[in-house]
Amino acid sequence: MAGPASDLRPRSFLDALPEVGRDRVLAVAAPRTYPARAVVVRQGDVADALYLVESGSLAVRHSTPAGASVMLAVLGAGDFFGEVGVLLDAQQRTATIEALDDVVVRVLARADFDALRRRHPEVNDFLLIALARNTERLSRLVAQAHHMPVDRRVARRLLDLGRHFSRGVLPVVVPLSQEDVAQIVGATRPTTNQVLKRLEADGVLRLGRGRLEIHDVRGLRERC
């Protein structure tokens, strides 16, 4: 039986951010909107601002020296990027961030962030807590990549993606290719495709060109 799309509850922007110092940061961070497929920051650009994702979804892509583009992650409400740009001097963006749908971000320039930290020391705690949460998440993903079977990793990543793109109704459309999913999972495309085909055969999802549709949320969750 297919689970309702409400089972994929997206994170609240405010609830996902550390409460300590949050109001100070949001009072200064300027809202900025981007349409789908717009590049928010480009790899190699000067890193001089922190971005907080208020709504929408963004792809994190890294270009290798050989010219290949690898999708590392998808960000959504409450996530952030560019923290190195407000902590260290003369840094460059290490990845390109591209809007997957209409996106609203809050941008905190380094000069404003430095001024906030001087006037309101609790803003340091905001960043420290956010960084600690991010490190914990990355550590969990690394552990899963080494110790969790691919089929379970695929199911977990799809469930996370479903939360990003849920609009409260089924199917949940995830605008990513099978190659994108394989890169996020950290598995080869043939192996990932086999898992996706099995999920499709079981009615959990439907594969399309450059997208997939989640039809059975409970079935997906059971495979996690």
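**Exercise 1.** Does glutamate 98 count as buried or exposed, and at what relative accessibility? Then place its salt bridge in the fold.

*Solution.* The model is predicted.
Step 1: Take the accessibility. Glutamate 98 has a relative accessibility of 14%.
Step 2: Apply the cut-off. Buried means under 20%, so glutamate 98 counts as buried.
Step 3: Find the partner. Glutamate 98 forms a salt bridge with arginine 37, and their closest N and O atoms are 3.1 Å apart.
Step 4: Locate both ends. Glutamate 98 belongs to strand β7, while arginine 37 sits in the loop between β1 (30-34) and β2; the pair therefore ties together parts 61 residues apart in sequence.
Step 5: Check the partner's exposure. Arginine 37 is partly exposed, at 47% relative accessibility.

**Exercise 2.** Work out the strand order of the four-stranded open sheet, and identify its edge strands.

*Solution.* Step 1: Read the order. The strands run β2-β7-β4-β5, with antiparallel pairing.
Step 2: Pick out the edges. β2 (39-41) and β5 (69-75) each pair on one side only.
Step 3: Add the twist. From one strand to the next it averages 30°.
Step 4: Zoom in on one pair. β2 and β7 (residues 96-99) are joined in the antiparallel sense by two bridges. Valine 39 has glutamate 98 of β7 as its bridge partner.
Step 5: Add the helix. α6 (residues 178-185) lies across β4 (58-63) and β5, and runs at about 75° to β5.

**Exercise 3.** Describe the three-stranded open sheet, and explain why β9 and β10 each have a side without a neighbour.

*Solution.* Step 1: Set out the order. It is β9-β11-β10, and the pairing is antiparallel.
Step 2: Count partners at the edges. β9 (172-174) and β10 (205-208) each have a single partner strand, so one side of each lacks a neighbour in the sheet.
Step 3: Give the twist. Neighbouring strands of this sheet are turned by 20° against each other on average, direction ignored.
Step 4: Look at one pair. β9 and β11 (residues 211-214) pair over three bridges, in the antiparallel sense. Here valine 173 stands opposite glutamate 213 of β11.

**Exercise 4.** How many salt bridges does the structure hold? Trace the one between glutamate 122 and arginine 24.

*Solution.* Step 1: Give the total. The structure holds twelve salt bridges.
Step 2: Take the distance. The side chains of glutamate 122 and arginine 24 meet at 3.2 Å, N to O.
Step 3: Locate the ends. Glutamate 122 is in helix α4 (residues 122-147) and arginine 24 in helix α2 (residues 22-28); they are 98 residues apart, so the link is between distant parts of the chain.
Step 4: Classify exposure. Glutamate 122 is partly exposed at 26%. Arginine 24 is also partly exposed, at 40%.

**Exercise 5.** Which parts of the chain does the salt bridge of arginine 167 and aspartate 101 tie together? Finish with the salt-bridge network.

*Solution.* Step 1: Take the distance. The closest N and O atoms of arginine 167 and aspartate 101 are 3.1 Å apart.
Step 2: Locate the ends. Arginine 167 lies in the loop between α5 (150-165) and β9, and aspartate 101 in the loop between β7 and β8 (103-109), so parts 66 residues apart in sequence are tied together.
Step 3: Classify exposure. Arginine 167 is exposed at 57%, whereas aspartate 101 is buried at 13%.
Step 4: Follow shared partners. Salt bridges join Arg37, Arg61, Glu98 and Asp180 into one network.

Conventions
Residues numbered from 1 in each chain as written. Predicted model: local features only at pLDDT ≥ 70, side-chain atom pairs only at ≥ 80, totals over all residues. Heavy atoms only, no water. Pairing = 2+ DSSP bridges. Axes fitted to C-alpha atoms, helices over the stretch in contact; angles between N-to-C directions. Contact = heavy atoms within 4.5 Å. Salt bridge = Lys/Arg side-chain N within 4 Å of Asp/Glu carboxyl O. Buried < 20%, exposed > 50% of the residue type's maximum accessible area, 1.4 Å probe, protein only.
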